[in-house]
Amino acid sequence: DVTDADAVDLGGRTVLPGLLDSHTHPALLAGTAAAAECFPPAVLSADDLVRVLDAHAATISGADAWVLGRGFDDTKFPEGRMPTAADLDRIATDRPVLVWRCDAHSAVCNTRALEIAGITAATVDPEGARFERDADGNPNGVLTEIAAVNVVAAFIPAPSRDEQIDAIVAIGDELASRGIVAVCDLLSSRIDRPLETFRAAAERGLRTRVALYPGWDPEAPLGELTDDDRTGPIRIAGVKVVLDGAYSNRTAWVHEAYPDSCDHGLRLVDDADVLAAGDWARRNGVQLAVHAMGDRALDRVVELFEDQEPWLDGIPSVRIEHATIVSDAYLARLGSGRMSFGIATHTVFFFAEYDGYEKALRVEQVPDAYPIARLYAGLEPLALSSDRPATAWSGADDVMLSVEAAVRRRTYNGIEFGAEAAITVPQALLLYTSRAASLSPLEGVGRLAPGLDGSFAVLDRDVFTVPDDEIASVRVAETWIRGERVFVR
């Protein structure tokens, strides 16, 4: 029972239910905590990238220590090309350097890293990925798609478990500063024993609710889950399959070739693996989450599952992650099949990565690109999310940045992008609260109501009345999780 003595005067400020980030990557952040941030707008050229990594290298001891970075967006570079080993060799030739692209699907490394990984002109490309090459056929350091990156990244020494736990606790503090009280980690297997590690972080002070979605690896099948694995504030909530690449570097799997090319992107897994992951999710009573960006990948998800019986009640059995191109016909198809589908999508993508989308989308596709208003009206289990750190912007998990992009439909450089898909501030915030909660098993959050867990965010200004072009500057003043104040600005 609450008495007057328990009451806290918030001074008439705007209060929101605690915010949910339904597609993000804290395990990836914890596993690469040693990487320097190379996001726009700080890094806008290959020279900027070299400068940031060179300064980072000066802080690293050990002659053989890896120099790591993440987040560059080559589509914003004036030279209009991916950096290569030749660029990173300017930082070091005697120790390995690797930096992930903003989509976290591709990367570039220096010559020393290629040598350590044993990649030569004779090395065969991994399935669904490429070691890019120069005119003479020699690898140039560009690693396109996850399987190629992993060949090199396998040699990077993993942080200790204690370091990972401490990093997760720090990530929880940062999330609280954004008003975020619960997240879905859509590739939690980027660290070893993710459930055990996140629960250990909770014992050290992590307050964030976390739904974990390990990646499906046919070479290392997941074990069967127990009831304990599926319950509690830190739980296994599903399994993730990465079906294709990304639009920003033209690796999303598409029906029609990308403009001025014969390239249809990359399909990363076959039907058998997607269906096997779905069977595992069904047996274990958790969700299947499928990364699908290109229109061909999106069609394939529906083709594989639309006639199957859902296995979960109250939340979708199949989540589609990103869902870049959604037509009226596609949305109708999602709703007409037997399967229950939901979508986690973004506005920060077109805001931050417009340069890449401008080159990858055909003109007739733009009205169907991230059509948030259409999705809001036609699909109940729907969320906006950050995909941090696989987003080309520093602070991509700033909810107010995504809300402003949803309302104004303008890119970072002021270009209008599908104005007819705009939604209102209240609608956008529902996609970070109650509507987001309908997408995944994050219990007790998303609303302020008796019986829920008392998590909320206090804003420094009223986001519902500020001018549209000031929404992104609204800040979280306080965050409360389960009735305890955990952040004060």
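Hi everyone, let me start with what sits over helix α6: its buried residues are covered by, among others, α1 (26-31), β9, α7, β18 (476-481) and β19 (484-488). Please keep in mind that this is a predicted model.

So which residues of α6 are the buried ones? They are Q164, I165, A167, I168, V169, I171, G172, L175, A176 and S177. As a reminder, an α-helix has 3.6 residues a turn, so residues three or four places apart point the same way. Helix α6 itself runs over residues 161-177, which makes 17 residues. From first C-alpha to last, α6 reaches 25 Å, close to the 24 Å expected at 1.5 Å a residue. Just after α6 comes G179, with a positive phi of about 80°.

Now, on to the sheet. In what order do its strands come? The order is β2-β9-β10-β11, so to speak from one edge to the other: 4 strands in an open sheet, with parallel pairing. At the edges we have β2 (19-24) and β11 (234-236), each pairing on one side only. On average, neighbouring strands here are turned by 15° against each other, ignoring direction.

Let's zoom in on one pair. Strand β10, residues 209-212, runs parallel to β11, and 3 bridges join them. Within that pairing, A211 has R235 of β11 as its bridge partner.

Finally, back to α7, which we met as part of the cover over α6. Helix α7 spans residues 194-203 and lies across β9 (180-185), β10 and β11. Its direction is at about 170° to β11. Thanks, and I'm happy to go through any of this on the screen!

Technical notes
Residues numbered from 1 in each chain as written. Predicted model: local features only at pLDDT ≥ 70, side-chain atom pairs only at ≥ 80, totals over all residues. Heavy atoms only, no water. Pairing = 2+ DSSP bridges. Helix = DSSP H or I, 4+ residues; strand = E, 2+ residues; numbered from the N terminus. Axes fitted to C-alpha atoms, helices over the stretch in contact; angles between N-to-C directions. Contact = heavy atoms within 4.5 Å. Expected span 1.5 Å × (residues − 1). Buried < 20%, exposed > 50% of the residue type's maximum accessible area, 1.4 Å probe, protein only.
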